[in-house]
Structures are given as C-alpha cells and as structure tokens.
Amino acid sequence: MSTTRRTLWRLRAGLTVAVAALFATSFWLFQGVHQTANSRAVSAILEISSVRQALSAADRAAVETFLGASKSAGPTLTLPAEQEYREQIQTAGLNLAQAARDDVADDVPGRSDDLQLAQGMLAVYTTLVEQAGEHYRRGDDTVGATYLWGAFRLMHHDEQGILKTLDDAQERQWTWLRAQFPSTWAMRTATVSWGVCLLTTLALLCGTQLFLRRRFRRDLNPRLLAATGLVVVLAAATSLAYFSEARLDEAGTMTRRVAETRKAEVEAERRFGDERLARLLVPVCGAPSRCGPTVAKELRVRPGSPVPSFPAEATDIRGVTTRMRAATEYTGLAFLIPLLAVTVGTLIWSGIHPRLNEYRYRPR
C-alpha cells in the first residue's frame with residue numbers, strides 16, 4: 001500500500017472513530033440533562049411539602065376544634081376549625097396520592113416505601129381524631145384527650161411520626177435529584193469529553209482537507225466541507241443542553257426555597273398546636289407536666305408566641321413550573337444528534353472514498 005493510500009485510510013478511520021465518539025458524548029450530555037428535567041422529582045418534593053404543611057395545619061385545627069367545642073353551646077356545632085381540619089386532611093390526602101405517583105426514588109438506598117407508610121399512618125391518625133370526637137361528644141373528656149394525644153403524637157413524633165416519615169421521603173427525592181446528571185461530576189466529565197471529541201473531529205476534518213488539497217492539487221472537498229458544517233450544527237444542537245441545565249438549576253433553587261418556607265410553616269403550626277393542646281389538657285391533668293413524662297417531653301409550648309409571617313410562595317411555585325417547562329423545551333430535538341452523526345459519517349466516507357480508489361491498483 002502506498003503512503004498516500006495508507007494516510008487516507010488512517011484519516012478515514014480516525015474521522016470515523018471521532019464522529020462515533022462525538023455522537024456518544026453529545027447524546028450522553030443532551031439526554032442526561034433532559035432526562036433529569038423530565039423527571040417528576042421536583043413535583044414530588046413540592047407535593048410532599050404541601051402534604052406536610054396541610055397535615056400540620058389539620059392537626060392544629062383538630063385541637064382547636066375540641067378546644068372550641070368545649071366552650072360552644074353544643075357538642076355537635078360545626079366550628080370553623082373543624083371545617084379547616086376536614087379541608088386540610090382532604091388536601092393532604094390528594095397531594096399524598098399524587099406524590100406517591102410521582103415518586104422517583106425507587107433506587108435510593110434505605111428507601112422503605114415511606115409515602116405508602118405515610119398513607120397508612122394518616123388513616124390511623126384520622127381514626128384516632130374521630131374516636132376523640134366521639135368521646136368528647138359523650139362527655140368523656142379524659143378518654144377523648146387520650147385519643148387526641150395519641151393522634152398528636154402519631155403526627156409529630158420525632159422518629160416515627162407522619163411528618164418525620166414524609167420528611168424522610170422528601171429527603172430521598174432530594175438525594176435522587178442531587179445524584180442525577182446535571183448536579184454531579186458526570187456533567188463536568190461529559191462536557192470535557194464532548195469538547196475533546198468535538199475539537200478532535202474538527203481538527204481531523206481540517207487536516208484531511210489540507211492533505212487532500214496539498215496531495216491532489218484540488219479545491220476543498222465539498223462533502224468534507226458539508227460534514228464540517230454539520231458537525232458545527234451538531235455542536236449547536238448539543239449546546240442547548242446547557243440552557244436546559246441553567247433552567248433546571250433555577251427550578252431547583254426555587255424548589256428548595258419553597259420547601260424551606262413550608263418547613264418553617266410546619267414548625268410554626270406545631271408550636272401553636274402545642275400551646276392549644278396544653279390548654280386542652282389542663283382540665284384533664286391539671287397541668288401538662290402532670291400528664292406524664294411523654295407529654296411534657298413532646299409538647300413544645302411557647303406561650304404568647306406571635307404568629308410568624310412567611311413570604312408568599314405562589315410566585316416561586318409558578319417560577320418552578322415555568323423553568324421546568326423551559327428545561328424540557330428542547331427534549332424533542334434529541335433525534336437530531338444521531339441523524340446528524342450518521343449524515344456526517346456518510347459524507348466523510350463518500351468524500352474520501354474516491355481518492356482512495358485512485359490508489360487502488362498501483363503504488364504512488
């Protein structure tokens with residue numbers, strides 16, 4: 001084989017490998033970002049935050065219901081707090097069911113079906129509240145307070161309560177999201193690999209053009225020139241992943257802000273629920289401290305604490321929705337990457353093959 005023919009073979013082989021590597025890294029980069037953007041992890045995190053907020057409000061409203069009923073004209077009177085309790089429980093149930101459907105943390109270590117467990121615990125909680133109401137209607141305040149305390153502890157227990165179970169489920173959604181492509185070393189690795197493959201492909205195309213022009217005394221090879229242009233188009237299409245990643249990062253920041261705001265609201269509801277429950281237990285025990293060490297330990301009474309105000313989160317939630325939609329805007333362009341890569345490979349082979357044929361039968 002002549003030196004020219006051998007060089008052409010090597011150039012074609014090198015370009016083929018470079019284009020294949022460029023396709024692999026481009027697809028890895030593009031799909032890695034958009035698969036995360038298309039996941040339901042952010043929705044699950046927001047839904048679990050809504051569940052925790054609704055349940056804490058429902059628990060506080062349940063205590064207020066019995067506290068208000070004891071002062072009302074009749075035990076069957078429907079109080080505003082009772083209406084709030086029912087609405088919040090209904091909202092929590094709907095959001096919890098949706099969060100279970102959006103759960104993406106199947107492969108997170110330590111997962112134990114937290115959302116399904118929370119659904120079962122919620123059913124027990126509502127039963128305890130109903131039992132408390134039944135006993136209060138009968139005038140048995142002591143047994144009613146016992147059931148209500150059981151419901152309160154089931155909701156707020158620091159290790160096995162419903163809110164703690166939901167907090168664990170939410171943290172596993174965060175763990176899954178943090179482990180995904182845009183937030184890990186894989187994004188940097190894919191970017192570096194893609195950049196190396198892109199520059200190598202362009203350098204080989206330019207080098208092949210120069211070799212053909214110098215060896216054959218001809219103008220630029222039109223097919224290799226077209227292949228170079230398509231490589232640039234391929235690079236432009238792949239770079240859209242960085243716009244999606246930026247929107248995804250913004251959505252993650254806003255989601256974290258909403259979750260933190262709702263967490264503060266849950267703690268506030270717990271604090272005021274503690275105060276109202278302590279007032280409800282006074283006629284039964286004389287003082288919360290006389291109800292036993294568990295009650296004294298669990299209640300976190302802050303008498304006279306003002307109701308805190310929280311920033312409106314509706315804007316942030318709309319912002320999350322808008323940015324998640326923007327992050328998935330280019331998902332449908334994924335087909336361009338293999339199409340362009342195959343076209344570039346075809347143009348390279350068809351552009352070099354005629355020159356190889358000129359050296360097929362005799363050395364030069």
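## A surface patch

Leu 333 is found in the loop between α10 (314-327) and α11 (336-357). The model described here is a predicted one. Leu 333 has a relative accessible area of 32%, so the residue counts as partly exposed. Buried would require under 20%, and exposed would require over 50%.

Leu 333 does not act alone on the surface: Phe 335 and Leu 339 join Leu 333 in a nonpolar patch. Together, these three residues have about 280 Å² of accessible area.

## The whole chain

What kinds of elements build the protein chain, helices or strands? The count is 11 helices and zero strands. Read from the N terminus, the order is therefore one α after another: α-α-α-α-α-α-α-α-α-α-α.

The protein chain has 364 residues, and 46% of them are buried. Its accessible surface comes to about 18,200 Å². Carbon and sulfur atoms account for 57% of that surface. Now take the contacts between residues at least 6 apart in sequence. Of these, 84% join residues at least 24 apart.

## Helix α3

Helix α3 covers residues 80-102. How far apart should the ends of its 23 residues be? At 1.5 Å a residue, the expected span is 33 Å. The end C-alpha atoms are 33 Å apart, so the model agrees with the expected value.

Which residues of α3 are buried? They are Ala 81, Glu 82, Tyr 85, Ile 89, Ala 92, Leu 96, Ala 99 and Asp 102. A general rule helps in reading such a list. An α-helix has 3.6 residues a turn, so residues three or four places apart point the same way.

## Salt bridges within a helix

The structure holds 11 salt bridges. One of them joins Glu 82 to Arg 86, with the closest N and O atoms 3.0 Å apart. Both residues belong to α3 and sit four residues apart, so about one helical turn separates them. Their surroundings can be compared by accessibility. Glu 82 has a relative accessible area of 18%, so this residue is buried. Arg 86 reaches 51%, so this residue counts as exposed.

Helix α2 offers another pair. There, the side chains of Arg 60 and Glu 64 meet in a salt bridge at 3.0 Å, N to O. Arg 60 and Glu 64 are four residues apart, about one turn of the helix. Is Arg 60 buried or exposed? Its relative accessible area is 11%, so Arg 60 is buried. Glu 64 has 22%, so Glu 64 is partly exposed. These two residues also belong to a network of salt bridges, together with Glu 84 and Glu 269.

## A bridge across the sequence

Which residue forms a salt bridge with Asp 102? The partner is Arg 40, and the closest N and O atoms are 3.3 Å apart. This pair links distant parts of the chain, with their positions 62 residues apart in the count. Asp 102 lies in helix α3. Arg 40 lies in the loop between α1 (3-37) and α2 (41-69).

The two partners also have their own accessibility classes. Asp 102 is buried because its relative accessible area is 7%. Arg 40 is partly exposed because its relative accessibility is 40%.

Technical notes: Residues are numbered from 1 along each chain as its sequence is written. This is a predicted model: local features need pLDDT of at least 70, side-chain atom pairs count only at pLDDT 80 or more; totals for chains, interfaces and linings use all residues. Side-chain values use heavy atoms; hydrogens and water are left out. Patches are made of residues with over 30% relative accessible area and no salt bridge: like charges are joined within 9 Å, nonpolar side chains (Val, Leu, Ile, Met, Phe, Trp, Tyr) within 5 Å. Accessible areas come from the Shrake-Rupley method with a 1.4 Å probe; for residues, only the protein chains shown count as cover. A salt bridge is a side-chain nitrogen of Lys or Arg within 4 Å of a carboxyl oxygen of Asp or Glu. Helices (H or I, at least four residues) and strands (E, at least two) are DSSP runs, numbered from the N terminus. Buried means under 20% relative accessible area, exposed over 50%, partly exposed in between (1.4 Å probe, protein chains only). Contact means heavy atoms within 4.5 Å. The expected span of a helix is 1.5 Å times one less than its number of residues.
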